[in-house]
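Q: I should like to learn how to read the features of a protein model. May we go through one case step by step?
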Amino acid sequence: DKNGFEHFMLKEIFEQPGVIKNIISNYADNKLFNSNNSFSKEELQNIDKIYIVACGTALHAGQSGKFAIEKFTKIPVLTDIASEFRYNNSFIDEKTLLIVISQSGETADTLGALEKGIKAKAKTLSITNVEDSTIAKTTDKSLYCNAGPEVSIASTKAYTAQVALIYLLSLDMAKKLKTIDDEDLSSILIELKKLPEKIEEILQNVDTIKNIANELKECQSMFYIGRGPDLITAKEGSLKLKETSYIHSEPFAAGELKHGTMALMDSSSKVIAVATQSNLSKKTATNVLELREKGVSVYSVGVEGDVLLEKNSNYTVFIPETLDVLSPILTVIPEQLIAYYTSLAKGIDVDHPRNLTKSVISE
Ligand code: M6R
């Protein structure tokens with residue numbers, strides 16, 4: 001049931017404030033973590049590194065969450081594509097925590113990666129949206145997104161739910177390891193609780209997003225750029241646009257442009273720049289200006305009040321201010337909507353992109 005929405009993808013995008021609110025209030029009420037889904041202090045003290053392994057959008061959720069885990073727990077986090085990890089030389093032993101993320105909980109490569117981790121005696125934790133899925137049943141601990149069924153092939157609400165769960169998992173771990181003080185913890189919680197209404201605010205202002213979609217619909221190829229957590233959102237936005245709109249799109253670290261890709265840029269090029277991090281957004285805004293000087297059309301996603309970014313870009317979509325580490329959960333919303341409206345403008349069946357299936361159960 002599309003609940004009055006034209007497509008499942010749009011319905012699922014609009015469900016995100018409710019999904020995130022539910023996850024955060026469960027945490028605040030001490031109902032999120034228990035011994036089935038989180039490790040004890042003693043177990044955590046024995047972990048010296050974390051691997052996060054997944055495919056596609058679920059991997060991007062892990063890569064966004066890596067920043068929070070490292071910041072709050074001080075444990076180094078490596079991330080890898082499941083189909084690579086399962087055949088790579090990786091450094092897994094009984095002191096490794098392997099976190100696997102999968103909406104469906106059935107993805108073949110993610111399951112293969114998990115089996116490799118179990119063989120090497122790693123501790124394992126899964127984040128899935130299907131409670132009795134194979135992956136959820138195979139890990140030592142399993143966290144459940146509770147986002148409701150995701151029908152659209154392009155994943156949206158599962159992604160933000162996965163990111164929210166990693167934020168909270170990192171806080172739970174940091175609390176047990178005493179790597180965070182009470183004051184910081186409560187100020188982060190205050191900011192987390194504000195996220196659902198901030199997502200709502202983005203969802204209510206789609207005019208600029210529709211203008212961008214309209215400019216993208218004719219293009220064959222485009223680029224996404226960002227730095228730090230914004231690079232991960234750029235990867236996710238780029239994947240979403242590819243799968244829903246069939247536009248070739250490449251995500252790049254903004255600082256890498258000058259090392260080769262800049263040679264492609266001319267007045268027919270289009271770039272989406274994500275620039276929300278307080279220590280990095282000025283640098284990306286400078287890259288935007290350099291692109292504009294070559295005639296490139298640049299659409300940006302930035303934090304409310306960023307006049308420099310706005311001045312340098314053709315269009316800017318603003319997200320409300322939040323903590324740098326929490327911004328990926330907001331930044332992805334305009335990206336999801338850009339993908340949706342571009343697909344719509346091209347007349348593509350957005351819920352069923354060609355050649356893709358919801359759950360990839362073969363390698
Ligand atoms: O069910 P999973 O989360 O394991 O699926 C992983 C990917 O196949 C999935 O996220 C895919 O990239 C989506 N279609 C992206 O929107």
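Q: How many residues surround the ligand, and which are the closest?
A: Please bear in mind that this is a predicted model. In it, the ligand is surrounded by 14 residues. The closest are Ser-102, Gln-103, Ser-104, Thr-107 and Glu-243.

Q: Which helices each supply at least two residues of the shell around the ligand?
A: Two helices are to be named here: H4, spanning 56-73, and H11, spanning 229-245, each supply at least two residues of that shell.

Q: How do the residues of the shell divide into nonpolar, polar and charged?
A: Seven of them are polar, five are nonpolar and two are charged.

Q: What is the distance from a polar side-chain atom of Glu-243 to an oxygen atom of the ligand?
A: A pair of N or O atoms is read as a polar contact when the two lie within 3.5 Å. For Glu-243, a polar side-chain atom is 2.3 Å from a ligand oxygen. Ser-102 offers a side-chain N or O atom at 2.6 Å from an oxygen atom of the ligand. With Gln-103, a polar backbone atom is the partner, and its distance from a ligand oxygen is 2.6 Å.

Q: How much of the area that the ligand exposes when taken alone does the protein bury?
A: Taken alone, the ligand exposes 410 Å², and the protein buries 89% of that. The space that the ligand takes is the largest pocket.

Q: What is notable about the phi of Lys-121?
A: In general, most residues other than glycine have a negative phi. Lys-121 is not a glycine, yet its phi is positive, at about 70°. This residue lies in the loop that runs between helix H6 (108-119) and strand E4 (123-128).

Q: Where does Asn-146 lie, and what is its phi?
A: Asn-146 also is not a glycine and has a positive phi, of about 55°. Its place is the loop between strand E5 (141-144) and helix H8 (157-177).

Q: Are Lys-121 and Asn-146 buried or exposed?
A: A residue counts as exposed when its relative accessible area is over 50%, and as buried when it is under 20%. Lys-121 therefore counts as exposed, because its relative accessibility is 59%. Asn-146, at 38%, is partly exposed.

Q: Is Gly-117 buried or exposed?
A: Gly-117, which lies in helix H6, is buried, because its relative accessible area is 0%.

Q: How many residues apart in sequence are Gly-117 and Tyr-51?
A: They are 66 residues apart in sequence, while their C-alpha atoms are 9.5 Å apart in space.

Methods
Residues are numbered from 1 along each chain as its sequence is written. This is a predicted model: local features need pLDDT of at least 70, side-chain atom pairs count only at pLDDT 80 or more; totals for chains, interfaces and linings use all residues. Side-chain values use heavy atoms; hydrogens and water are left out. A residue is near a molecule or strand if one of its heavy atoms lies within 4 Å of it. A polar contact is a pair of N or O atoms within 3.5 Å; within protein, one must be able to donate a hydrogen and the other to accept it, and residues adjacent in sequence count only if both atoms are side-chain atoms. Accessible areas come from the Shrake-Rupley method with a 1.4 Å probe; for residues, only the protein chains shown count as cover. On a 1 Å grid over the protein atoms alone, a cavity is a set of points where a 1.4 Å probe fits but cannot get out, and a pocket is an open set with protein on both sides within 12 Å along at least five of seven lines; lining residues have an atom within 4 Å of a point. A molecule sits in a cavity or pocket if more than half of its atoms lie within 2 Å of its grid points. Helices (H or I, at least four residues) and strands (E, at least two) are DSSP runs, numbered from the N terminus. Ala, Val, Leu, Ile, Met, Phe, Trp, Tyr, Cys and Pro count as nonpolar, Asp, Glu, Lys and Arg as charged, and the others, Gly among them, as polar. Buried means under 20% relative accessible area, exposed over 50%, partly exposed in between (1.4 Å probe, protein chains only).
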